[in-house]
Amino acid sequence: MQNFVYNSQPGRVLFGTGTLHQLPQEVERLGLQSVLILSTPHQEEQVSSLAALIGSKSAGIFAGATMHTPVSVTERALEIVSERKVDGLIAVGGGSTTGLGKAIALRTDLPQIVIPTTYAGSEMTPILGETTDGRKITQSSPKVLPEVVIYDVDLTVTLPVSLSVSSGINAIAHAVEALYARDRNPIISIIAEAGIRSLFRALPAIAQDPSSRNGRSAALYGAWLCGVCLGSVGMALHHKICHVLGGAFGLSHAETHVAILPHALRFNETAAPEALTTLREAVGHQDPARALFDLGRSLGAKMALKDFGMPAEGVDRAVDLTLETPYWNPRPLEREGLRQLVSNAYEGNVP
């Protein structure tokens, strides 16, 4: 076995059903007195019950979270944090809300409690991506790592199948890239394989029966594991392209992951034979890139970037931006191969 370094991210996790009811105790344990609840606009009514749950310790709701964490939204939230003397944050939802909580924490160092309702996984990472002037800038800081994560399977039962599929494959992408990351290690590889395996089997079960507790529990568990991967090792080309597409064209974060992942894996597979072997075991297929493409397509996901808003002329711009500030990648990047990757994803071709 080769030498390796494993960094464990600190944090407290509550997992199960009905765990949301432990929120008041977690607020108390952190010593918080004025907690701002964060959500997206369409979740505002859903999270209003949390304000009642923590009673006088609620500082109200900021329901302005949106995709790709625009700095302008963070600045509006910071005004409320200052006005209401907020000393803690509760972020409820998916990656958009978690991102907003992290952006506030980066600037204030306020403690965060995150309650995921999708399978995004960002709640397990010290990573923050913020968007300004059409560019998404990603950074890592221990200041943005949530102090507490409450996984409650009950909160995911009503997540529409389409969102379950896109956010679930988004989570799988974290683990796939962890298998061939520059700083990969055997501990994270074990976690990655388990996360991929759990989600790959859970998503079809959810599509068949959205109320399946077994399916929902397996998906949330898999998302947690894949989030640990994202927070523990570096990512590569897949994530770089997704960040470029989100920042430049405002594409849906999760849907972009679904469309790009099979093609990014195909691009990298010859340079990552060990990862390919592990993926074959995790998905039960000799061609993991094709298996991931077929998984998304069979569950109704959009597999072509053109189907959710990317302009045709954006292919070359995406390639330019990716090459401008590239992430490390197991296979060296060349324009022709990269353009073919993005073009195939744009058209929704089989990888």
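Hi everyone, this is a short walk through one structure, from its sheet to a helix, a loop residue and a pocket.

Please keep in mind that this is a predicted model, where local features need pLDDT of at least 70, side-chain atom pairs count only at pLDDT 80 or more, and totals for chains, interfaces and linings use all residues. Residues are numbered from 1 along each chain as its sequence is written, and side-chain values use heavy atoms, with hydrogens and water left out.

Let's start with the sheet. Six strands form an open sheet with parallel pairing, in the order E1-E8-E5-E4-E2-E3. Helices (H or I, at least four residues) and strands (E, at least two) are DSSP runs numbered from the N terminus, and two strands pair if DSSP finds at least two bridges between them. Strand E1 (12-16) and strand E3 (58-62) each have a single partner strand, so one side of each has no neighbour in the sheet. From one strand to the next, the twist averages 15°; axes are lines fitted to C-alpha atoms, for helices over the stretch in contact, and angles run from 0 to 180 degrees between N-to-C directions.

Inside the sheet, E2 (residues 35-38) pairs with E4 (residues 88-93) over 4 bridges. Ile37 has Ile90 in E4 as its bridge partner. Helix H4 (residues 95-108) packs on this sheet and touches E2, E3, E4 and E5 (112-116), where contact means heavy atoms within 4.5 Å.

Now, is Pro111, in the loop between H4 and E5, buried or exposed? Pro111 counts as buried because its relative accessibility is 18%; buried means under 20% relative accessible area, exposed over 50% and partly exposed in between, with a 1.4 Å probe and protein chains only. Leaving aside neighbours within four places in sequence, Pro111 is in contact with Leu32, Asp87, Gly88, Leu89 and Glu147.

Next comes helix H11 (residues 288-298), whose buried residues include Pro288, Leu292 and Phe293. Their cover includes H5 (161-179), H6, H9 (253-268) and H10. Just after H11, Gly300 takes a positive phi of about 90°.

H6 and H10 come up again in our last stop. Helix H6 (186-208) and helix H10 (273-283) each supply at least two residues of the lining of the second largest pocket. H10 gives the most, with 3 residues. A pocket is an open set of points on a 1 Å grid where a 1.4 Å probe fits, with protein on both sides within 12 Å along at least five of seven lines, and lining residues have an atom within 4 Å of a point.
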